[in-house]
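Open the model in your viewer and keep the selection panel at hand. The tour below goes from one selection to the next and says what is found at each stop.

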Amino acid sequence: METEATPAEREYKEGGAKATGKGVPVYVMIPLDSVTMGNGVNTWEKMKERMQKLKSAGVEGVMMDVWWGLVEREAPGTYNWGGYAELLEMVKQHGLKVQAVMSFHKCGGNVGDSCTIPLPNWVVEEINKDPDLAYTDQWGRRNYEYVSLGSDTLLVLKGRTPVQCYADFMRAFRDNFKHLLGDTIVEIQVGMGPSGELRYPSYPEQNGTWKFPGIGAFQCYDKYMLSSLKAAAEAAGKPKWGSTGPTDAGHYNNWPEDTQFFRREGGGWTSPYGEFFLNWYSQMLLDHGERILSSAKSIFQDMGVKISVKVSGIHWHYGTRSHAPELTAGYYNTRFRDGYIPIAQMLARHGAILNFTCIEMRDHEQPQDARCAPEKLVRQLALATRKAQVPLAGENALPRYDETAHEQILRASSLNFDGEEREMCAFTYLRMNPDLFQADNWRRFVAFVKKMKEGKNAH
């Protein structure tokens, strides 16, 4: 029996501005390895039991990663949706909604990665043949989490461009799950980089390359990125600027003041060269987002689903002038320039939602010497999305089961600006695991979901 969607559901689907005080629907991320390498559902019985519990707690739905490396693993254009068909059917039977993440990155090596799912075998083969398809730092270290955006429009993956591969995958997903789109599947989050986020892999944890709160490193040294840099420098009439990225920007684990490029007084980031480079580097990321969103929008048009993009909450050294870790990740945000408005405006052009992490964090819980300011960063993002008229959704960056974190999420999800109130359009909780169902954690979580759903005007 088909039930009519409630006005609130329809508004969420259609992206209308919600009346404030109506509450924020809560989704829960399911485990990264919910579908096995053999294309079945992992721990089937336990999964069913947990879905039942989530539904009884008033959870709106779940977020699941749909891994490129699982579905199109064996050969280009050959898709195996087996495990996902079973999993989506299970979710539907429990009356839950789905945020499906098109995960075009490799799993393994980032915060919270509990398993390893490589890129498709045939993609790995091509990268092995041409290592410049991988993001590269100035020391020649390659990063295999995501195909370098420098090759987005080149026929480097067995006769297709990376962007064509992503589009074909999304189209195959749409055609295969048409019957669930708009009712069970209400959102498609489009992977844009490492961890599914629109960013460069500037702070890779694998092999201890980077440790919090290091500034990270620019990822523009593969030959495709460098040829674009060269062209940009020539177009700007400064051919000398095109041979390399900044060489005085320190190492992954430096702090801004350790480097010539990021230091507050007379740092290279404020020089004409620095501004040229940061404009080019951040614009490359925006263009990458634009290309993939254009495809996603045309593929999922009139399917009743929202499209979203995840932006990383890089809150360390936020209190410094240069915001070095944001710059290396591709967000050109400094004391003198808002780097999130261009991202929000790009999403606005495609009617997409901006999904932001680190919603649960408080400034004073972070190491003070690293000038962390997650609350100020969340506020900046909220203002940028308000200005661009883009819906804002959130998630927590680290697993938290305590009331302090819940209170912070409640506060951050009802956005108050100069007396004008907005609410996030959705919140996704990290993550469904045994800890969540431990008695005290579960009791607190159920209370949290209830408060989120009631909205701030309920009392």
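Which exposed residues does the face of helix 5 turned away from its buried side carry? Select helix 5 in this predicted model, and on that face you will find Asn128 and Lys129, both exposed.

Now turn to the other side of helix 5, which spans residues 121–129, and select its buried residues, Trp122, Val123, Glu126 and Ile127. Seen down the axis of helix 5, these buried residues fall within an arc of 145°, so they line one face of the helix. To see what they pack against, add helix 3 (68–71) and helix 6 (162–176), together with strand 4 (134–136) and strand 5 (142–147).

Next, select Phe173 and Ile185, which touch the most other members of the largest nonpolar core, a set of 144 residues. The largest share of this core, 14 residues, comes from helix 8, residues 272–300. Around Ile185, leaving aside residues up to four places away in sequence, show its contacts, which are Leu88, Val98, Ala100, Phe173, Phe177, Leu180 and Val305.

Finish with the cysteines, bearing in mind that the structure holds zero disulfides. Cys115 is in no disulfide, and the nearest cysteine sulfur, that of Cys107, is 3.8 Å away, whereas a disulfide needs the two sulfur atoms within 2.5 Å. Cys115 is also buried, with a relative accessible area of 14%. Then select Cys372, whose sulfur is 10 Å from the closest cysteine sulfur, in Cys358, and is therefore too far away for a bond; Cys372 is buried as well, with a relative accessible area of 7%.

Methods: Residues numbered from 1 in each chain as written. Predicted model: local features only at pLDDT ≥ 70, side-chain atom pairs only at ≥ 80, totals over all residues. Heavy atoms only, no water. Buried < 20%, exposed > 50% of the residue type's maximum accessible area, 1.4 Å probe, protein only. Helix = DSSP H or I, 4+ residues; strand = E, 2+ residues; numbered from the N terminus. Arc of directions from axis to C-beta. Contact = heavy atoms within 4.5 Å. Core = buried A, V, L, I, M, F, W, Y, C linked by side-chain atoms within 4.5 Å.
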